[in-house]
Number of protein chains: 2
Amino acid sequence: MKFGGTSMAGIERIRHVAERVRREAEDGDEVLVVVSAMAGETDRLVQLCREAAPLHDPSEYDVVVASGEQVTAGLLAMTLQAMGVKARSFMGWQLVRASGVHGNARVEAVESAMLDEALSAGTVAVIPGFQGVAADGRLATLGRGGSDTSAVALAVGVKADRCDIYTDVDGVYTTDPRIVPHARKLDAITFEEMLELAGVGAKVLQTRSVGLAMRENLPLRVLSAFEDKPGTRVVAELSGADMERNQIAGIAADRNEARVTLTGVPDKPGTVAQVIMPLAEAGIAFDMIVHAATPDSGSSDLTFTVPRASLAQAMAVIEQRKDEIGYDGLITDDAVAKVSIVGVGIRSNPQLAAKMFEVLAERKVNLLAVSTSEIKVSALIAEAELELAVRVLHTAFGLDARDAA
Amino acid sequence: MKFGGTSMAGIERIRHVAERVRREAEDGDEVLVVVSAMAGETDRLVQLCREAAPLHDPSEYDVVVASGEQVTAGLLAMTLQAMGVKARSFMGWQLVRASGVHGNARVEAVESAMLDEALSAGTVAVIPGFQGVAADGRLATLGRGGSDTSAVALAVGVKADRCDIYTDVDGVYTTDPRIVPHARKLDAITFEEMLELAGVGAKVLQTRSVGLAMRENLPLRVLSAFEDKPGTRVVAELSGADMERNQIAGIAADRNEARVTLTGVPDKPGTVAQVIMPLAEAGIAFDMIVHAATPDSGSSDLTFTVPRASLAQAMAVIEQRKDEIGYDGLITDDAVAKVSIVGVGIRSNPQLAAKMFEVLAERKVNLLAVSTSEIKVSALIAEAELELAVRVLHTAFGLDARDAA
């Protein structure tokens, strides 16, 4: 069971969490709980670090911010004990070996012997998320949202049957309910679909945690920490009644996009690499590369997208290499957005992509770029048209709640 | 260098602390810094534990409250780095082995190899006070005020030349300046005197830390964290100019006293033990035992003092054993206080005790009980007369600041 920061914000809420844990434990299950810091606490600690030193040592940052989950782990353990539930906390540095860089480490291994012993003795193990011990023997944190990854890694470590992520939403929806009020909660979704939805802006779970669960084939559930509802199961493959589900799982909307177009680039092998490699080296994510040559002109236009926050940096990298690349013009646009349909059905049914383009064309939504993967089709459009696009696609693919009724 | 909670309260103050550490490091000294949590933070964490569970597991309490010093250690390390000082934090669980009970553990040993390496490489080591790792491999805290003890233990562990305790007072005074405004700051005081002063209510340093420094003969200094003043040296023996100091180091006042008198107890061997043993077994501290027999009557009165907070418990323990002990009456009084003169001079000069009684008699202060040790003479008096007693003794023993001028 993993509980997020909103459900750990204050003793009353921690008591509510403890009640849920107790019910689970009293059902005869062996229970391991991973907790986030109280809502707002990590931000407060990060802010202290910024004030202390704008450019701070990530190892010291880890020491400061890891404290938030330590506090909630101790508090939850003692609350459980007060309810008569056998429980104890373990620290990240006792159990979770991390690798990679401080401030953004990855779980390398879980020392499960101590945990196995506690669990089989009927003790609920409470563990601070988001942290472990690095190869240098010092505290390491996993990057923001890393508690989901801690939970999945620990679940894998103790060979858990399931990992339940309790959060402030009650499951995974067919799209953002702020855009489509009659969006529907999904009973089940595949890991791949979940990854694609997260990757295009539906951030219910940390992407890394879903990838890990998929690799280890560990079923997840996304549940409300506040209401007793079934939530959404995240599984390797849909089966049984879930197969009756729509071929499209959901529509994702992502405003965090900016478009870059280089005009008049030489139409020769290696041009795309010449532009993209320096971006990759600078750590800038890029997406939706479209390279369109004007026939017989010898030159071409190259368009790609980057996260909005990286646009200025991307422009600097490219302008530095103007002579090398040899382009005529550099055009950017940060009033763009990406709309995507996501579903395992896309793999076997190319008509779904065609239907998407047709629906958008009917509403005169102009496609600035298109990209497809096995289970996703994305279109780059003007940001002003994003909400319209999401709504019409949601309806067209039969996802509206009233369709199910 | 050890810094208390007031000097770590907020980034501005931490920066000020870092400045002091930098100066010390730039003088060519190897520097190890022990820090407290931000003022108020430990209270906040303790309160969270109380709300979570009134009777909580001390192991979980340790997990929660140890986080406060972890935060300040990381923040100070990164602040030092930002000033160009080589620094890094170490955690208590990496260095300090603790024994005894959770929530009130003792420092057992310091793993100094890692520290020695850092220090000789010119790195300032920053360490959270008040904590270590227990024999069970879990976090352990040392009891409130334990950061002083951490500092002394770590100083002993790395064979430091000196341990400087930076606090919100600028040294050790001849008495409580709230009672005597012209109390004088002492240049030097012996460990023994410091222990006696702490034991009777002058709490500048945690008693345990002074005892440890005395045993290991590690010189201490008590200094202001906010002003550049020399402070007070705490040493094994006074020497040189310090020997010119007054024979009496200071006057201590302690209001935390209650008096218990049993009348008509049998005047026979073993009576005192019969009363005192059950108190000791119940964990009640007792002090100033006076056993006065009425000649030829066969019975006697037994008077002793206990901390005020333990008075009700002490009465219960004694009333339970009324038949066994065989006393007539049980009289208690919690409007009493203890005034003491403390100084290494007392050992060689019995006239000092006589002078104390004479001065108090002149002002008609009634002595309810008297106790003496090698370097201390204490009198139990009515609480209403405490301030008067402190003032007249302070003047009589030549301790007033104007006497020095």
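**Exercise 1.** Which residues in H2(B) meet which residues in H3(B)? Describe the packing of these two helices in the predicted model.

*Solution.*
Step 1. List the contact. On the side of H2(B) stand B:Thr42, B:Leu45, B:Val46, B:Leu48 and B:Cys49, and they meet B:Tyr61, B:Val64 and B:Val65 in H3(B).
Step 2. Sort the contact by class. Seven residues of the contact between H2(B) and H3(B) are nonpolar and one is polar, with no charged residues.
Step 3. Give the geometry. Two packed helices are described by the angle between their axes and the distance between the axes. For H2(B) and H3(B), the axes cross at roughly 145° and come within 9 Å.
Step 4. Add the hand. H2(B) and H3(B) cross in a right-handed sense.

**Exercise 2.** Describe how H1(B) packs on H4(B), and name the orientation class.

*Solution.*
Step 1. Take the angle and the distance. The axes of H1(B) and H4(B) are 9 Å apart, and the helices pack at an angle of about 60°.
Step 2. Assign the class. Angles under 35 degrees count as roughly parallel and 65 to 115 as roughly perpendicular, with oblique for what falls outside the named ranges. H1(B) is therefore oblique to H4(B).
Step 3. Add the hand, which is right-handed for the crossing of H1(B) and H4(B).
Step 4. List the residues. H1(B) makes the contact with B:Ile14, B:Arg15, B:Val17, B:Ala18, B:Val21 and B:Arg22, and H4(B) with B:Thr72, B:Leu75, B:Leu76, B:Thr79 and B:Leu80.
Step 5. Count by class. The contact of H1(B) with H4(B) holds seven nonpolar residues, two polar and two charged.

**Exercise 3.** Repeat the analysis for helix H7 (residues 146-157) and helix H9 (residues 207-216) of chain B.

*Solution.*
Step 1. The axes of H7(B) and H9(B) cross at roughly 15° and come within 8 Å.
Step 2. H7(B) is therefore roughly parallel to H9(B).
Step 3. The crossing of H7(B) and H9(B) is left-handed.
Step 4. From H7(B), the contact takes in B:Asp148, B:Thr149, B:Ala151, B:Val152, B:Ala153 and B:Val156; from H9(B), B:Arg208, B:Ser209, B:Leu212, B:Ala213 and B:Glu216.
Step 5. By class, the contact of H7(B) with H9(B) comprises six nonpolar, two polar and three charged residues.

**Exercise 4.** Characterise the side of chain B that touches chain A.

*Solution.*
Step 1. Count the residues on each chain: 30 of chain B are in contact with 30 of chain A.
Step 2. Find the helices involved. H1 (11-26), H2 (41-52), H3 (58-65), H4 (67-82) and H5 (92-95) of chain B each supply at least two residues of this side.
Step 3. Identify the main contributor. H4(B) provides the largest share, eleven residues.
Step 4. Sort by class. The side of chain B that touches chain A has 18 nonpolar, nine polar and three charged residues.

**Exercise 5.** How are chain A and chain B related, and through which surfaces do they meet?

*Solution.*
Step 1. Superpose the copies. A turn of 179° and a shift of 0.1 Å along the axis lay chain B on chain A with an RMSD of 0.2 Å.
Step 2. Name the symmetry. The two copies are thus related as by a two-fold rotation axis.
Step 3. Locate the axis. B:Ser67 comes closest to the rotation axis of the residues of chain B, its C-alpha at 2.6 Å.
Step 4. Compare the surfaces. The copies meet through the same surface, because 100% of the interface residues of chain B are also interface residues in chain A.

Methods:
Residues numbered from 1 in each chain as written. Chains lettered and ligands numbered in written order. Predicted model: local features only at pLDDT ≥ 70, side-chain atom pairs only at ≥ 80, totals over all residues. Contact = placed C-beta atoms within 7 Å. Helix = DSSP H or I, 4+ residues; strand = E, 2+ residues; numbered from the N terminus. Nonpolar A, V, L, I, M, F, W, Y, C, P; charged D, E, K, R; others polar. Axes fitted to C-alpha atoms, helices over the stretch in contact; angles between N-to-C directions. Parallel < 35°, antiparallel > 145°, perpendicular 65-115°, else oblique. Left-handed = near helix turned anticlockwise from the far one by under 90°. Least-squares fit on C-alpha atoms with pLDDT ≥ 70 in both.
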